[in-house]
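User: Here is a chain I would like to go through. I want the reasoning behind each label.

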Amino acid sequence: MNSPRANSSDTRRRLLEAAEALFIRHGYEGMLLRQITSEAKVNLAAVNYHFGSKEALVQELLSSRLDRLNQERLQLLSLCEQRFGAQQLDAPTVLSILFVPAVRLSRDSAGGISFMRLLGRVYSDPSPFVRGFLYEHYQPIYERFFEAFARALPHQSRNELGTRLHFALKALSGVLAGENMDELIAAICVGEAVSDSLMLGRLVAFVSPLLTTPFDNLAQVRHVEQVMGLAPAAALGADATLRGELEAGRKPRGILPLWAEKVVGA
């Protein structure tokens, strides 16, 4: 027969697991207490008893998942700086230092296969609660890595570097949050059986250009201008296609121009 303490521990575990699954699927704002308790198969009072609130439950979930990860990242950054020299770490290496502990923990039974999707959701979730939690608990870690990237990319202003890091890590987080990890790895590996180091090397190769490609590439700007010059003709062509579909009695799909909306409405 289970003791009350064992039952209490099991209830906490089930609530945390349910909260994690729902957070991955719906984000913080989209998950409801009644969904958490239903998935955990406990009553609503259990959340109040064990955690006090939804906020406190999610805080414990995030701390239990992120504290160890970020400590490993800091330790690995320090070891790499000692071994190779802080000034010698380039941007791909600093990205590797961010990624390697996350993949290692996802392979570990304590992390589990959902770990990478959880990370993706955490770093892409727009809710003020999650943003505030990350800032309050992990800002010193972000600043430590920001300085490492700044040393690796000394030609960039701090504002430019911050913008690049924001887009690069947001883009990666969005992919991780929405993908089955096995399918994502298969895509990165292009059907090959590869090691974690090769898979991570390819992931770093995808992300690195977001940090290093020059902003003011005049040749690229000229290409964009050429495309923009053709856009009005493309718009006229799209209108002609929509008119043809309307005249044929087919309702066109997508966003309609105002004239087409009036015809369909009539």
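User: What makes Tyr 138 in α7 count as a kink, and which proline follows shortly after?

Analyst: The model is predicted: local features need pLDDT of at least 70, side-chain atom pairs need 80 or more, and totals for chains, interfaces and linings use all residues. Numbering runs from 1 along each chain as its sequence is written, and side-chain values use heavy atoms, without hydrogens or water. The bend at a residue is the angle between axes fitted to the seven residues ending there and the seven starting there. At Tyr 138 the kink is about 75°. Pro 140 is the proline shortly after.

User: How do you know what span to expect for helix α7, residues 128-152?

Analyst: The expected span is 1.5 Å times one less than the number of residues. A straight helix of 25 residues would span 36 Å. Helix α7 spans only 31 Å between its end C-alpha atoms.

User: Why is Asn 70 called buried or exposed?

Analyst: Buried means under 20% relative accessible area, exposed over 50%, and partly exposed in between (1.4 Å probe, protein chains only). Asn 70 has 4% relative accessibility, so Asn 70 is buried. Asn 70 lies in helix α4, residues 54-84. Helices are DSSP runs of H or I, at least four residues, and strands are runs of E, at least two, numbered from the N terminus.

User: What does Asn 70 touch, not counting residues up to four places away in sequence?

Analyst: Tyr 123, Tyr 138 and Ile 141. Contact means heavy atoms within 4.5 Å.

User: Why is Lys 41 called buried or exposed?

Analyst: Its relative accessible area is 69%, so Lys 41 is exposed. Lys 41 sits in the loop between α2 (33-40) and α3 (44-50). Lys 41 also has a positive phi of about 60°, although it is not a glycine.

User: What makes a set of residues a nonpolar core, and how many residues has the largest one?

Analyst: Members are buried Ala, Val, Leu, Ile, Met, Phe, Trp, Tyr and Cys residues, joined through side-chain atoms within 4.5 Å. The largest core has 65 residues. Helix α7 gives the largest share of this core, 12 residues. Phe 145 and Phe 149 are among the residues with the most contacts inside the core. Beyond four places in sequence, the contacts of Phe 149 include Ala 91, Leu 161 and Leu 211.

User: How many helices and strands does the chain have?

Analyst: The count is 12 helices and zero strands. Of the 266 residues, 36% count as buried.
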